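Dear colleague,

Please find below the structure that I am handing over to you, with its sequence. My findings follow after it.

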Amino acid sequence: MDDYQALSAYYDRFTDDVGYADWADFFERLFAREGLRPALVLDLACGTGTLTRLLAERGYEMIGADASPDMLMQAMQNTMDCDPRPLFLNQRMEALDLYGTVDVCLCCLDSINYVTDPATLQKAFERVHLFLEPGRGLFVFDVNTPEKFARIDGNAYVREDEGVFCVWQAAVEDGLCAYQFDIFEQAGDGWTRAQETHEERIYTVETLTAMLEQAGFVEIRTYGDQSFAPVQGGEDRIYFTARKRD
């Protein structure tokens, strides 16, 4: 089932505080730090393509891949005036199948946590490794930390925009965090309601590092949220970088 059948139409309206330009700036600093000027970049789990568009506007040739057809429809609409336009593929991470290798694979906004089966995530890491350029291909992703999941457990949040609002609640149990979304939109004199449930798995740094090593990655590093500082503990989000072995 597509997790974003209802949420995709409202996703950009409810995530206008994400700061995608800051993410793009961070990635460009990271490329420079790694001595890379990538030509072809894969935005894995690209969602509605906001980051894909920003990087395309900065001169990168972009591929966006996502498991949700509904999110990809939004992504294609959001990039209609890009020249050249990014290529979008309706593919799950563990079934990634590109036409050749890419210089960088980015996977943002805790999309890794959304792969709740560790065996499936292991396959996804192996597919990313396969399609990275040997010797210099870089894999970059972020995850929500166990500390963040502990902080949001049992809490409810509200996001609203003109004529629509979303209530979502988080509940953690047995290593999984379930998000219940209720979306209300004004329709005439009344309101319509749509519901979705999403799940994320809690992964530790040690678990993810071991999985990356098993997939063949080397030079595995972790950073604090959009910084190059070592992970101190207590962060809500951390970043991983890993290279494909030559």
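**Strand β11 and its partners**

In strand β11, Ala242 is the bridge partner of Phe139. Please bear in mind throughout that this is a predicted model.

The pairing just mentioned belongs to a wider set of contacts between strands. Strand β5, which covers residues 138-144, is joined to β11 by seven bridges, and the two strands run antiparallel. Strand β10, residues 217-223, also pairs with β11 in the antiparallel sense, here over five bridges. Within β11, the residue that Arg221 stands opposite is Thr241.

How many of the eight residues of β11 are buried? The count is eight of the eight for this strand, residues 237-244, so β11 is largely enclosed by the rest of the structure. The cover extends to both faces of the strand. On one side the buried residues are Arg237, Tyr239, Thr241 and Arg243; on the other they are Ile238, Phe240, Ala242 and Lys244. Thr241, the residue opposite Arg221, and Ala242, the partner of Phe139, therefore lie on opposite sides of a strand that is buried on both.

**A buried glutamine in helix α5**

Gln122 is found in helix α5, which spans residues 118-130. Is this residue buried or exposed? Its relative accessibility is 10%, and the cut-off for a buried residue is under 20%, so Gln122 counts as buried. When neighbours within four places in sequence are left aside, Gln122 is in contact with Met211, Gln214 and Ala215.

**The chain as a whole**

The secondary structure of the protein chain consists of seven helices and eleven strands. The radius of gyration is 18 Å, close to the 18 Å given by the globule rule for 246 residues, so the chain is as compact as a globular protein of that length. Along the principal axes, the C-alpha atoms fill a box of roughly 60 × 45 × 30 Å.

Of the 246 residues in the chain, 47% are buried. Among contacts between residues at least 6 apart in sequence, 66% join residues at least 24 apart.

As to the surface, the protein chain exposes about 11,600 Å², and carbon and sulfur atoms supply 47% of that area. The chain carries 21 positive and 44 negative charges, and the mean positions of the two sets are 6 Å apart.

With kind regards

Notes
Residues numbered from 1 in each chain as written. Predicted model: local features only at pLDDT ≥ 70, side-chain atom pairs only at ≥ 80, totals over all residues. Heavy atoms only, no water. Helix = DSSP H or I, 4+ residues; strand = E, 2+ residues; numbered from the N terminus. Rg over C-alpha atoms; globule rule 2.2 N^0.38 Å. Buried < 20%, exposed > 50% of the residue type's maximum accessible area, 1.4 Å probe, protein only. Contact = heavy atoms within 4.5 Å. Areas by Shrake-Rupley, 256 points an atom, 1.4 Å probe, with all protein chains shown as cover. Lys, Arg positive; Asp, Glu negative; His and termini not counted. Charge placed at Lys NZ, Arg CZ, Asp CG, Glu CD. Pairing = 2+ DSSP bridges.
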